[in-house]
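Reader: I am new to this structure and would like a close look at a single part of it. Could you take me through that part slowly, and then place it in the chain as a whole?

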Amino acid sequence: MRGRMGRPGLVGTMARTAVVAGTATAVSNKVGSAQHQKAAQQAAAAEQEAQLAAAQQQAQVDAAVQAALAQQAAAQAAAPAPTPAPAPAADGGDTIAQLEKLAQLKAAGILTEEEFAAQKAKILGA
């Protein structure tokens, strides 16, 4: 007996549908896997670029800090050291000289008695 010619039977149609569906699923999985790998590679590349940019930015900040420190050190080195104020004479020689000048001004009539007393008190720290 010869097989039927024409349209396939129900079993043949189901078999063909199963093959087509299986092939479509395999192709779909392959495409999805390739897309996932491509997205992962792009994410890794973007992360590397971000790390490189952050490292460059940190290097710029470090260089700016070093330049500021060097400039500050140069400014401190160029600035003269502060000179201490002269200490008053321990023997009171300066105080005596001031009182003598004050007495001469009073004797010359430049200072009144009240001005003389006020200046004397200021010199003696009383």
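**The end of helix 3 and the loop before it**

Author: In this predicted model, helix 3 is followed by Gly-125, a residue whose phi is positive, near 75 degrees. The helix itself covers residues 113-124, which is 12 residues, and from its first C-alpha to its last it reaches 16 Å, close to the 16 Å expected at 1.5 Å a residue.

On the other side of helix 3 lies the loop that connects it with helix 2 (93-107), and Leu-111 has its place in that loop. Leu-111 has a relative accessible area of 17%, and because buried means under 20%, Leu-111 counts as buried. Once the neighbours within four places in sequence are left aside, Leu-111 is in contact with Leu-102, Leu-105 and Lys-106.

To place this part in the whole, the chain has 3 helices and 0 strands, and read along the sequence it follows the pattern α-α-α. Of the 126 residues in the chain, 3% are buried, while the accessible surface comes to about 10900 Å², with 61% of it belonging to carbon and sulfur atoms.

Helix 1 (residues 10-78) offers a surface example, since it is where Val-65 is found, and Val-65 is partly exposed, with a relative accessible area of 42%. Together with Val-61 and Leu-69, Val-65 forms a nonpolar patch on the surface, and the three have about 240 Å² of accessible area together.

Technical notes. Residues are numbered from 1 along each chain as its sequence is written. This is a predicted model: local features need pLDDT of at least 70, side-chain atom pairs count only at pLDDT 80 or more; totals for chains, interfaces and linings use all residues. Side-chain values use heavy atoms; hydrogens and water are left out. Patches are made of residues with over 30% relative accessible area and no salt bridge: like charges are joined within 9 Å, nonpolar side chains (Val, Leu, Ile, Met, Phe, Trp, Tyr) within 5 Å. Accessible areas come from the Shrake-Rupley method with a 1.4 Å probe; for residues, only the protein chains shown count as cover. A salt bridge is a side-chain nitrogen of Lys or Arg within 4 Å of a carboxyl oxygen of Asp or Glu. Helices (H or I, at least four residues) and strands (E, at least two) are DSSP runs, numbered from the N terminus. Buried means under 20% relative accessible area, exposed over 50%, partly exposed in between (1.4 Å probe, protein chains only). The expected span of a helix is 1.5 Å times one less than its number of residues. Contact means heavy atoms within 4.5 Å.
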